[in-house]
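Colleague: I'm new to this one. Can you walk me through it, piece by piece?

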Amino acid sequence: MIHSLFLINPSGDIFLEKHWKSVVSRSVCDYFLEAKEKALEPEDVPPVIHTPRHYLISIYRDKLFFLSVIQTEVPPLFVIEFLHRVAEMIQDYFGECSETVVKDNMVMVYELLEEMLDNGFPLATESNVLKEMIRPPTILRSVVNTLTGTSNIGDTLPTGQLSTIPWRRAGVKYTNNEAYFDVVEEIDAILDQSGTTVFAEIQGVVGACVKLSGMPDLTLSFMNPRLLDDVSFHPCVRYKRWESERVLSFIPPDGNFTLMTYHVNAQNLVAIPVYVKQSISFFESGSGGRLDVTVGPKQTMGKTVEGVMVTVHLPKTILSVNLTATQGSYTYDNGTKLLVWDIGKLNPQKLPNLRGSLSLQAGAPKPEENPSLNIDLKIQQLAISGLKVNRLDMFGEKYKPFKGVKYITKAGKFQVRT
Amino acid sequence: MSTNNLSYNDQGGTDSAVEVGQETTPTSSNAGAGFGLFSVDFKKNDDLKEMLESNKESLKLEAMKRVVGLIAKGKNASELFPAVVKNVASKNIELKKLVYVYLVRYAEEQQDLALLSISTFQRALKDPNQLIRASALRVLSSIRVPIIVPIMMLAIKEAASDMSPYVRKTSAHAIQKLYSLDQDQKDLLIEVIEKLLKDKSTLVAGSVVMAFEEVCPDRIDLIHKNYRKLCNLLVDVEEWGQVVIISMLTRYARTQFTSPWKEDGVFDEHSERAFYESDEEKTRNEPEAKPYMMDPDHRLLLRNTKPLLQSRNTAVVMSVAQLYWHLAPKNEVSIVTKSLVRLLRSHREVQYIVLQNIASMSIQRKGMFEPYMKSFYVRSTDATHIKSLKLEILTSLANEANISTVLREFQTYVKSQDKEFAAGTIQAIGRCATNISEVTDTCLNGLVLLLSNRDETVVAESVVVIRKLLQTQPTQHSDIIKHMAKLFDNITVPMARASILWLMGEYCERVPKIAPDVLRKMAKSFTSEEDIVKLQTVNLAAKLYLTNSKQTKLLTQYILNLGKYDQNYDIRDRTRFIRQLIVPNDKNGALSKYAHRILLAPKPAPLLESAYKDRDRYQLGTLSHTINTKASGYLELSDWPAVAPDQSVRNVEVIEPVKIHHFIFPSTAHPTPALHQGWSWSTLSPKLQINFATDAESRVENSSQSSEESDESSSQSEKSSSESESDSEKKKRKTKTPLQKKTVKPTAKDGPYLSKCYQPTFCSSDLFIFSLILSVCPPVYSALSPLSLSFPLQVSGPAFVPEKSHDLLHRMTGKGLSAQYQFPRQPCLYQPTMVSVQISLTNTSDHPLEQIHIGDRSPTGLNIHCFNTVECLEPEASVTVFMGIDFNDSTQAANFQLCTKEDHFSVSIQPAVGDLFLPITMTELDFRKEQGKLLGMNESSATITMAAENMTSQPISRPVATVANLGVVPSGQDDIHRFAGKTASSGAVVLVTVELRESSTALITINTEKSVMGSMLLRDLKQALAQA
């Protein structure tokens, strides 16, 4: 299975290595670094590289490469999924996943990696289990540790590891028992020049923050579960109940987790909350061009559209931009040719507009294609598909929990072609 | 100065080096500084060594953290080995863990020193804390030192029967480590794998299957018995284990079941190929040769994996998808589509792998992904490899109905800034044009438009694709060729220029005026062209010479002369060849006659095919599929067998006793091989001794109960080792012919006879010794092992079997059928947790009763092992049958229906509490130990007045044994009598003490964790002893 792991920063330095079987020389990474040199963007590095003796499977995430060395046949997704879990684990423990954080907590990361795999096969990847074995650092604890000499290492087997519900630890206690659910929907869309929808779909996530004592057994039901087309669940959800009754029945993990992700039935037309009027043109002479973008609300169900942002990858031949925004501010990075216009809230009375001129490098030909616009937005208190949580019931415990549901709609991969 | 220096050196450390540097002359100061640096480094490790050897825990810990930090950064810390290894036995758990980390990293390099730590692990392997046992095994097995192979082997065997599933999981991992260290251990390891495969814990399942895949993937026979269990456990196994189990089961299913695909399984390979070309529907509608029935086990696998499509783990979803692709009937495969499309929302790397697999799938089955075509539309933000995969899939999905949408989409892509992607799109358009004849012209026109594109790569790619397209239908397109000739001057990409030249040459007769002109231009620029263009120029010249020698003769000769002196030998060769071929002279007259036919032969059009065309020769979702070469360790997926192998091999022990039962009622199937393995046939010998190889779970129970009895029972284990040896020998003999169908199938006449002679022996209890032995461990190892934990728990025969039988069904209510039951107090053959019940059925009517069997039962969850249907009971005849009932340690009656062919009667069996026990033998010492553990809540006692005649030893054990099925514990004292047993269902220990006091009183004490049963037993005992 997974032989070794190397963490590599974007400039190609290996700053952490961990071997679960015999040591593999880090020179094996040269094949990877070579491929990385060839690729224009770090995202373009092929995830699977075949070297004479090893196979290298890597992911690029949070500006870091996680590179694993494989010697024998193994499903590549198995490795990729695991590497992402490692990144999530680091994020979970230290608040962010970056080179500095890993370097600062080198020993703990190393210990965690040691617990996560045995002989290259995953042993404990459940965050609850790991946290019982190696406690995450907090300021208070580190002070206590230095004073008393106690350690972060647990000396008993995590209860979750043995039970049939490995995601929950025993003996959870809270003074305030609360359960919050966030229904977050993302609109993936491609709009063409004229504003017609080429492709649109809604993907949703039900995230949860459950802080309940004991072993609560929860049941969450929806007003309109028919909307949900394809779903995937956290392992805690009882699939049989979903199949037969369309309710989510589960004993939740403690703390934050993703309860389910779903895809909304493709038959339903997707309401696109904003429209974009744009014209980007380059002069035939090739010396420059004009840009004019207006964003306005469309089908917003009476809610305000917030956090609107337009991102444009301008052609490589652009030299500089000279634009004015009627609302918000824009930034342009000449190195990456990235134009970001941060609009904020949309006001239907006064539509935000960004216009101005683009100048091209001298002698460069007129760009072939107009760049496409990526839109970001957020609507509070609305699930664009119309999905609604009906009720949440708790069994198995006596107290009355505090419950809450929040809805948010966001733009996912929302692209406007020009 | 030298003395000065010496004194500094005595103090040691960096200072001296710095001093040296300062005191020497300026010229050597550099060297001094270098020395200083070096010694700082040197001192650093020295410093660590010092810290590790100090007495303070905190210093040691600090040092170890720094050492592990060094390892993590990939720096060498091996010289600290002696200092580190000393701390292996530290009490501080964090320090210990860090030392373990260090050991695993460097033990291979410092084998001798590593051996020093082994004894610590051996001790830790016996620790009561399962976490410590597990981590000791983890580290011990990770130390790659060949000398300790025997120790590792022992430890693995121990751990494989540990009571903690977590430790057993660790042992499954250790198997792989040991195997990679020493392949000679394979046979022994397979034994351990076999044992662990039987484990019912979900924690172990994934790891042991992983070990199986690594060590002995070809031993499919080990899976048979566990197949159904694995299928049923699958949903509860942790996600990583699921992936491994699913891929193993995919391989397994391909060897065991026949093809569910409508095409005949025998010609699978052939029809598969036909499938690519022919229309899907057409093949489907072909009349079926024979009706196909899916094996229920095959269905079980498909059914139990389906919910996993909803897993959050992408690897699990992919593995289920590939399972369906390789195993499910063609019309069911499409249920995986949605889930695969969902994965496209995941991380970029996941998308890459999933898209690759979809690309392979979509070539064979367009219909699966066509409704989701829009999910494969390319976004400008996608990575290059994702873009090209999406393009690939879109091309495969294109058909007459959706081609216009696809082409419109492609038009956008062609304009992309990513030129590589634009070029890919042009190729895709080419493929669409050849696949769908309706749009060939549209595509061609579109491509011609692209010829005026500003970007060179786009133009070049278009030229190449147009050339390929024109080859398929050259007749109609001379104007396109003319157009291309016009563009020729502006195109600089060699491949495109070469393509145009080739086109001119090939179709020179269609453009008779233009071709010579192009050649003229080429003659001018010949020397400055790329090689590939030069070759095509020579070709063009030759072809024109043959068709239009009047205009081009001189030009051709000129070009041939240029080619003759070219730097590239390929061109020189080609020139020489062409010259000999076309220019007629005396020597080669024969060949030049054919020149026309050689050069202007009609050429087959190139096929524009997908790169994923035959990727599916690799199992989907594998690494080999991704890299399109066979990765090391790749296990081929076999073709479906033409005829399904024996299905009964998957029948499991639970059902197995049914077959034993056939001994008494030989009515149906044959005994399975497992029967031979599990039970030695000595059952039939006068000395009835059954060595019962239980599965791991129950063994664990036993060892946990008697874990305190180690000293005592080790002698027993040695005694029994000879038995187990003979047992394992027998097993070996039997496994040699694992598929033998030893049909011990007595005829119907033999049945009653056998049952008669069998039953009396069966009931003569003192001869019946039932012993549970850890038979898997070869005796050699258990004798050598210092850590041996093997416990045989002796279930002895009952001390007394009450003759009393109870009415089950009166002959009046039963319309002639009367039934009585009694408890033979034997361990149940069917399942250890059941209580066996003997039922005698008598026909008091005047007509034969047919088909006597057991019908509905209540409570519905009641676990009954029914007796086999009695086909016919003649008038006045009677028959005795056995059944097993799991009362679940309660005296609640078991209600069920006793049915004949015509009628059914509700009956119930009410057990007395004493019948729910099984006697066990124990020494007094063990008894006391066990008793010590069962105090407080678990103890109930009462003082009674006894009848005077009960005051001697014999009558005491008598009434107790009558009431309850307990074993007598030999006692040293006359006035204290002890009895021991365990409950049938849960195996909880039950201890009874009767202490005789003065004035004919007695104190009865019962210790058991089943306190309800304890108090009921106490009541019964009080009654029995007081009245007796």
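**Helices, chains and loops**

Modeller: Start with two helices of chain B, α4 (residues 57–72) and α6 (residues 93–106): their axes come within 9 Å and cross at roughly 35 degrees. Keep in mind that this is a predicted model.

Colleague: Which hand does the crossing of α4(B) and α6(B) have, left or right?

Modeller: Left-handed, as α4(B) passes α6(B). On the α4(B) side, the contact residues include Leu61(B), Met64(B), Val68(B) and Ile71(B). On the α6(B) side, they include Leu95(B), Leu98(B), Tyr102(B) and Arg105(B).

Colleague: Let me step back. How many helices and strands does chain B have?

Modeller: Chain B has 46 helices and 18 strands.

Colleague: And what share of chain B is buried?

Modeller: Of its 1028 residues, 56% are buried. The exposed surface of chain B comes to about 44,900 Å², and carbon and sulfur atoms supply 53% of that.

Colleague: What about chain A, how many helices and strands there?

Modeller: Chain A has 8 helices and 23 strands. It holds 418 residues, and 56% of them count as buried. Chain A exposes about 17,600 Å², with 51% supplied by carbon and sulfur atoms.

Colleague: What share of the contacts in each chain join residues at least 24 apart?

Modeller: Take contacts between residues at least 6 apart in sequence. In chain A, 69% of them join residues at least 24 apart. In chain B, the figure is 67%.

Colleague: Now a spot where the chains meet. How do α2(A) and α22(B) lie, roughly parallel or roughly antiparallel?

Modeller: Helix α2 (residues 76–94) of chain A packs against helix α22 (residues 348–364) of chain B at about 170 degrees, with the axes 10 Å apart. An angle over 145 degrees counts as roughly antiparallel, so α2(A) and α22(B) are roughly antiparallel to each other.

Colleague: Which residues make that contact?

Modeller: From α2(A), Pro76(A), Leu77(A), Ile80(A) and His84(A). From α22(B), Glu349(B), Val350(B), Ile353(B) and Val354(B).

Colleague: Back to chain B. At what angle do α13(B) and α16(B) pack?

Modeller: About 50 degrees, with their axes 8 Å apart. Helix α13 covers residues 202–215 and helix α16 covers residues 239–256. The two are therefore oblique to each other. The crossing is left-handed. Among the α13(B) residues in the contact are Ala205(B), Gly206(B), Val209(B) and Glu213(B). From α16(B), they include Gly241(B), Val244(B), Ser247(B) and Arg251(B).

Colleague: Glu213(B) caught my eye. Buried or exposed?

Modeller: Buried: Glu213(B) has a relative accessible area of 16%, and the cut-off for buried is under 20%. Glu213(B) sits in helix α13 of chain B.

Colleague: What does Glu213(B) touch?

Modeller: Leaving out residues up to four places away in sequence, Glu213(B) touches Val244(B), Ser247(B), Met248(B), Arg251(B) and Leu635(B).

Colleague: New topic. Where is the kink in α33(B) centred?

Modeller: On Leu555(B). Helix α33 of chain B runs over residues 549–564, and the kink is about 25 degrees.

Colleague: Which residues of α33(B) are buried?

Modeller: Thr552(B), Thr556(B), Ile559(B), Leu560(B) and Gly563(B). They pack against α31 (514–525), α32 (531–547) and α34 (569–582) of chain B.

Colleague: Why would buried residues in a helix come at spacings like that?

Modeller: An α-helix has 3.6 residues a turn, so residues three or four places apart point the same way.

Colleague: You mentioned α32(B). What can you say about Leu540(B)?

Modeller: Leu540(B) is in helix α32 of chain B. Leu540(B) is buried, with a relative accessible area of 1%. Leu540(B) touches Leu501(B), Met504(B), Gly505(B), Val518(B) and Leu519(B), not counting residues up to four places away in sequence. Its C-alpha atom is 8.9 Å from that of Thr556(B), 16 residues apart along the chain.

Colleague: Last thing, the loops of chain A. What is phi of Asp62(A)?

Modeller: Near 50 degrees, a positive value in a residue other than glycine. Asp62(A) lies in the loop between β4 (55–61) and β5 (64–70) of chain A. At 34% relative accessibility, Asp62(A) is partly exposed.

Colleague: And where does Arg246(A) lie?

Modeller: In the loop between α8 (239–245) and β12 (247–250) of chain A. Phi of Arg246(A) is near 60 degrees, also a positive value. Arg246(A) counts as partly exposed, at 26% relative accessibility.

Key:
Residues numbered from 1 in each chain as written. Chains lettered and ligands numbered in written order. Predicted model: local features only at pLDDT ≥ 70, side-chain atom pairs only at ≥ 80, totals over all residues. Heavy atoms only, no water. Helix = DSSP H or I, 4+ residues; strand = E, 2+ residues; numbered from the N terminus. Buried < 20%, exposed > 50% of the residue type's maximum accessible area, 1.4 Å probe, protein only. Contact = heavy atoms within 4.5 Å. Areas by Shrake-Rupley, 256 points an atom, 1.4 Å probe, with all protein chains shown as cover. Bend = angle between axes of the 7 residues up to and from the residue. Axes fitted to C-alpha atoms, helices over the stretch in contact; angles between N-to-C directions. Parallel < 35°, antiparallel > 145°, perpendicular 65-115°, else oblique. Left-handed = near helix turned anticlockwise from the far one by under 90°.
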